[in-house]
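Colleague: I would like to learn how to read a protein–DNA model. Can we take it feature by feature?

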Number of protein chains: 2
Amino acid sequence: MLAEFLKKSFDKYFNAPIEAWEEFSELCEPISFEKDEIIKSQNTTEKYFYFIIKGSAGIFLWKENNFVCLDFAFENSACCDYMSLLTKEPTELEVVALEKSEMVKISRENFYELGKKSIGQIIMKISAEDSFIEKQKQQIELLTKSSKERYEILQRKFPDIHQRIAQKHIASYLGITPQSLSRIRNTAN
Amino acid sequence: MLAEFLKKSFDKYFNAPIEAWEEFSELCEPISFEKDEIIKSQNTTEKYFYFIIKGSAGIFLWKENNFVCLDFAFENSACCDYMSLLTKEPTELEVVALEKSEMVKISRENFYELGKKSIGQIIMKISAEDSFIEKQKQQIELLTKSSKERYEILQRKFPDIHQRIAQKHIASYLGITPQSLSRIRNTAN
DNA sequence: GAGAATAATTACCAAATGGTAAAAAATCAA
DNA sequence: TTGATTTTTTACCATTTGGTAATTATTCTC
């Protein structure tokens, strides 16, 4: 059940037999979050790797008097303070559920335990590599696109984002103020 | 010789015996580049992972009528179009030597060959993880710091960058025009 | 459902940055 | 070295974005 869900979600990255995913599932714990519930707070060390079954989450960073969103995560994708999980160091990043969510979590210890088996190796490798690629794409957008273009790209990537995520979070992700995003949205063409 | 150099460069990340690095070195080829020589051109697939012994390089992306720099790399660090190396797909990224440089390169095939031995596994894992962390830090700077602050952070990271790298490349890395960087540099305090 | 709290929109002006252009400085190449 | 090319600086104005504040809309809570 969970194993099938995971297999489907990861099939675009690599193919592993269902047995491997069953083995993975056994180390996962289901967990639920309410909207706005903090999954990992600032200045703590990430202990878990989460996978979203239903709902959404954001990675936030406090800046002056606002939160800035570094990433959104929806169904069928991973979500955690990956930097902290990798370095085992606390970070200022906060992970927050943005909707009522159902997830599974796997502890760092179990994650690394899995690393000794082939499925874990592949997941860890894909996670790190894919995370890098996504981050580099974000950097490219910030450096080469206007805020309006970045908004359009985000909408194409997550067509229902505006129905699910507060505009102020979207604005912070784009690197602009909510007022600017409002202007962009209300500009013709 | 090369093995010792590599070992020293990577010791901050993980410890491997000199023998492992000797094994690694055997798969490396030395290669030199002139200033401004293209290491990997746009719309090609990256074939090599480079390690800089001396000199520097930049990862560039064409934007309208200028190049934008995504990353600088100096001595003791890796340099390549890592996204393309991982995906085996061509990208629009260009890798350029920014000074007369001495590097060693290892082909993707040999890199993955090494993956079967423990040293390769660790290098690949560290490369992906560290690349992600650096990219996320860049994203955080772009989203939460002013261009002046970003310039100061870059100067602290690479104190001699202004002596080695053209200001237009630094400006593009910071996400601003050369004129803006010139103004920032000539502003008191 | 009513009131309170939060979020989004709009307007206004200030600040930062972009774009064009020209001059000065630095670098390159014969 | 000298002239050509490229880079950096400066100046000017246009555009974008930020910040404050007030209004409207939405969401939350009882």
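Colleague: Let us start with the DNA. How many residues surround DNA strand C, and which are the closest?

Modeller: One caution first: this is a predicted model. DNA strand C is surrounded by 15 residues. The closest are Gln167(A), Lys168(A), Ser147(B), Gln179(B) and Ser180(B). Sugar and phosphate make up 70% of the strand C atoms that come within 4 Å of the protein.

Colleague: Which atoms lie 2.3 Å apart at Gln167(A)?

Modeller: A side-chain N or O atom of Gln167(A) and a phosphate oxygen of DNA strand C. Chain B adds contacts of its own. A polar side-chain atom of Ser180(B) is 2.7 Å from a phosphate oxygen of strand C. Thr177(B) uses a backbone N or O atom, 3.2 Å from a phosphate oxygen of that strand. The elements giving two or more residues to this surface are H8 and H9 of chain A, with H9 of chain B.

Colleague: What classes of residue form the surface near DNA strand C?

Modeller: There are 9 polar, 4 charged and 2 nonpolar residues.

Colleague: Now the other strand. Which residues come nearest to DNA strand D?

Modeller: Ser147(A), Gln179(A), Ser180(A), Gln167(B) and Lys168(B), out of 15 around the strand. Here sugar and phosphate account for 71% of the strand D atoms within 4 Å of the protein.

Colleague: What part of DNA strand D does Gln179(A) approach?

Modeller: A base oxygen, which lies 3.1 Å from a polar side-chain atom of Gln179(A). Arg183(A) also points at a base: a side-chain N or O atom is 3.2 Å from a base nitrogen of strand D. Ser147(A) goes to the backbone instead, with a polar side-chain atom 2.8 Å from a phosphate oxygen. Helix H9 (178-185) of chain A gives two or more residues to this surface, as do helix H8 (167-174) and helix H9 (178-185) of chain B. By class, the surface near strand D has 2 nonpolar, 9 polar and 4 charged residues.

Colleague: Next, the protein interface. How much area is buried between chain A and chain B?

Modeller: The general idea: the size of an interface is often given as the accessible area lost when the parts come together. Here that area is about 2800 Å², with carbon and sulfur atoms giving 76%. Phe132(A), Gln139(A) and Leu143(A) supply 23% of what chain A buries against chain B, more than any other three residues. In contact terms, 30 residues of chain A meet 30 of chain B.

Colleague: How many salt bridges cross the interface of chain A and chain B?

Modeller: The rule finds 0. Polar contacts do cross: the count is 6 residue pairs, both partners at pLDDT 80 or more. On the side of chain A that touches chain B, H5(A) gives the most, with 15 residues. That side holds 17 nonpolar, 9 polar and 4 charged residues.

Colleague: How many salt bridges does the structure hold over all chains?

Modeller: The general idea: side chains of opposite charge can pair when their charged atoms come close. Over all chains there are 22 salt bridges. Take Asp81(A) and Lys40(A), whose closest N and O atoms are 2.8 Å apart. Asp81(A) sits in the loop between strand S6 (78-79) and H3, while Lys40(A) is in strand S2, 41 residues apart.

Colleague: Is Asp81(A) buried or exposed?

Modeller: Buried, because its relative accessible area is 0%. Lys40(A) is buried too, at 3%.

Colleague: What does the salt bridge of Lys135(A) and Asp71(A) tie together?

Modeller: Lys135(A) lies in helix H5 and Asp71(A) in strand S5, so the pair ties together parts 64 residues apart in sequence. The closest N and O atoms are 2.7 Å apart. Lys135(A) is buried at 1%, whereas Asp71(A) is partly exposed at 24%.

Colleague: How far apart in helix H5 are Lys137(A) and Glu134(A)?

Modeller: They are separated by about one helical turn, because they are 3 residues apart in the helix. Their salt bridge has its closest N and O atoms 4.0 Å apart. Lys137(A) is partly exposed at 40%, and Glu134(A) is partly exposed at 27%. Elsewhere, salt bridges that share partners join Glu75(A), Glu99(A), Asp160(A) and Arg164(A) into one network.

Colleague: Which side chain makes a polar contact of 3.1 Å with Lys157(A)?

Modeller: That of Glu134(A). Lys157(A) is found in helix H6 of chain A and is partly exposed at 48%.

Technical notes: Residues are numbered from 1 along each chain as its sequence is written. Chains are lettered from A and ligands numbered from 1 in the order in which they are written. Side-chain values use heavy atoms; hydrogens and water are left out. A residue is near a molecule or strand if one of its heavy atoms lies within 4 Å of it. A polar contact is a pair of N or O atoms within 3.5 Å; within protein, one must be able to donate a hydrogen and the other to accept it, and residues adjacent in sequence count only if both atoms are side-chain atoms. Helices (H or I, at least four residues) and strands (E, at least two) are DSSP runs, numbered from the N terminus. Ala, Val, Leu, Ile, Met, Phe, Trp, Tyr, Cys and Pro count as nonpolar, Asp, Glu, Lys and Arg as charged, and the others, Gly among them, as polar. Contact means heavy atoms within 4.5 Å. Buried area is the accessible area (1.4 Å probe) that two parts lose on being put together, summed over both. A salt bridge is a side-chain nitrogen of Lys or Arg within 4 Å of a carboxyl oxygen of Asp or Glu. Buried means under 20% relative accessible area, exposed over 50%, partly exposed in between (1.4 Å probe, protein chains only).
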